[in-house]
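Colleague: Could you take me through one part of this model at close range? I would like to see how a single helix sits among its surroundings, and then how a few individual residues fit in.

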Amino acid sequence: VEGTIAAASNNAVGIAGINWNSPVEMIDVVGGDSGDYDLVQATQALINGAGGKKLVINLSLSGGSSPAFEKLVADNKDKVLFVIAAGNQDQNTIASPASLAQTNNNVVAVGSSFGTKDWYGNPTTPGQRISYAGWWGSNTGLGLTLMAPSEFVATSATRTDASATYEFGYYDSFNGTSASTAVVTGIASLVWSVNPNLTAGQIKTILSETAYDLGAAGYDTVYGSGLVNADAAVRRAEALDRGFA
């Protein structure tokens, strides 16, 4: 996730992160390990650490929401954008907490689209919603905001011993809506970096309005507003910064 968002780039090593000039902080909320935070603790820590700066919080997960978390989302509607995985259950319901995108303009629910081939090497139509019989599929439903690529090369870090020594490398098929969420997070931070005067809700609007339309014309519950378009979104944010409507 972190590598997709911000891997060091222009260094002839590995992959290029989407916004490698953005500072990144990771807080573990998955797995129930000793010392892990819950979503409320992690969100508050990230907000505190941002020190009033604009913040994009990536949640490549589902579950863990609570009234206290929902209040944090609502109370930080201008300066914090939450980019959350729509879920991999291949069902017509957006997983929680991505379902908060239905009622919060600072929440983006992200689904997954194929590239030119699937996990098994079979040709696919670029942009098509990812769905595998008996395995995983990108959730659909009310609140789905955007689609983004999945099943791509990403960085990896594997713990090799109890002292937290890591072996760093690359994974050739980072998949699921978690992967797509990291793509949108990187793009959202890139868009915000060219126009920091925008609110979180305006970033969501720009990403939605500049997306490449897929499926039925306009917004639909299978593809949301379409496939995220980094170039168009950045240009739109720059135009607004220069006073163009």
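Modeller: Happy to: what follows looks at helix H5, then at its setting and at some single residues. Please keep in mind that this is a predicted model.

Helix H5 runs over residues 200–209, and seven of its 10 residues are buried, so the rest of the structure largely encloses this helix. The buried residues of H5 are Ala 200, Gly 201, Ile 203, Lys 204, Ile 206, Leu 207 and Ser 208. You may like to keep the helical repeat in mind as you look at that list. An α-helix has 3.6 residues a turn, so residues three or four places apart point the same way. What do the buried residues of H5 pack against? Their partners are strand E2 (80–85), E3, E4, helix H4 (177–194) and helix H6 (230–241), so with burial counted as under 20% relative accessible area, you can trace the surroundings of H5 element by element.

Now the setting. The protein chain has six helices and six strands, and along the sequence they follow the pattern α-α-β-α-β-β-β-β-β-α-α-α. With a radius of gyration of 17 Å, close to the 18 Å that the globule rule gives for 245 residues, the chain is as compact as a globular protein of that length. Its C-alpha atoms fill a box of roughly 55 × 45 × 40 Å along the principal axes. Of the 245 residues, 44% count as buried. Among contacts between residues at least 6 apart in sequence, 64% join residues at least 24 apart. On the outside, the chain exposes about 12100 Å², with carbon and sulfur atoms supplying 51% of that area.

Two of the strands that H5 packs against, E3 and E4, lead us to the loop between them. Strand E3 covers 107–113 and strand E4 covers 144–149, and Thr 140 is found in the loop between the two. Thr 140 counts as buried because its relative accessibility is 9%. Its side chain is joined to that of Asn 92 by a polar contact of 2.9 Å. Leaving out residues up to four places away in sequence, Thr 140 touches Gln 91, Asn 92, Thr 93, Ile 94, Arg 129, Thr 221 and Val 222.

Tyr 120 lies in the loop between E3 and E4 too, but at 57% relative accessibility Tyr 120 counts as exposed. Together with Trp 119, Trp 135 and Tyr 171, Tyr 120 forms a nonpolar surface patch with about 460 Å² of accessible area.

Two members of that patch turn up again as we move to other strands. Trp 119 is touched by Ser 173, which also touches Glu 151 and Phe 152, not counting residues up to four places away in sequence. Ser 173 is found in strand E6 (residues 166–174) and counts as buried, at 17% relative accessibility. The side chains of Ser 173 and Asp 172 make a polar contact of 3.5 Å.

Tyr 171, for its part, is in contact with Ala 154, whose other contacts beyond four places in sequence are Thr 4, Ile 15, Gly 169, Tyr 170 and Phe 174. Ala 154 lies in strand E5 (residues 152–159) and is buried, at 2% relative accessibility. The C-alpha atoms of Ala 154 and Asp 36 are 24 Å apart, with their positions 118 residues apart along the chain.

Conventions:
Residues are numbered from 1 along each chain as its sequence is written. This is a predicted model: local features need pLDDT of at least 70, side-chain atom pairs count only at pLDDT 80 or more; totals for chains, interfaces and linings use all residues. Side-chain values use heavy atoms; hydrogens and water are left out. Helices (H or I, at least four residues) and strands (E, at least two) are DSSP runs, numbered from the N terminus. Buried means under 20% relative accessible area, exposed over 50%, partly exposed in between (1.4 Å probe, protein chains only). A polar contact is a pair of N or O atoms within 3.5 Å; within protein, one must be able to donate a hydrogen and the other to accept it, and residues adjacent in sequence count only if both atoms are side-chain atoms. Contact means heavy atoms within 4.5 Å. Patches are made of residues with over 30% relative accessible area and no salt bridge: like charges are joined within 9 Å, nonpolar side chains (Val, Leu, Ile, Met, Phe, Trp, Tyr) within 5 Å. Accessible areas come from the Shrake-Rupley method with a 1.4 Å probe; for residues, only the protein chains shown count as cover. A salt bridge is a side-chain nitrogen of Lys or Arg within 4 Å of a carboxyl oxygen of Asp or Glu. The radius of gyration is taken over C-alpha atoms; the globule rule is 2.2 Å times the number of residues to the power 0.38.
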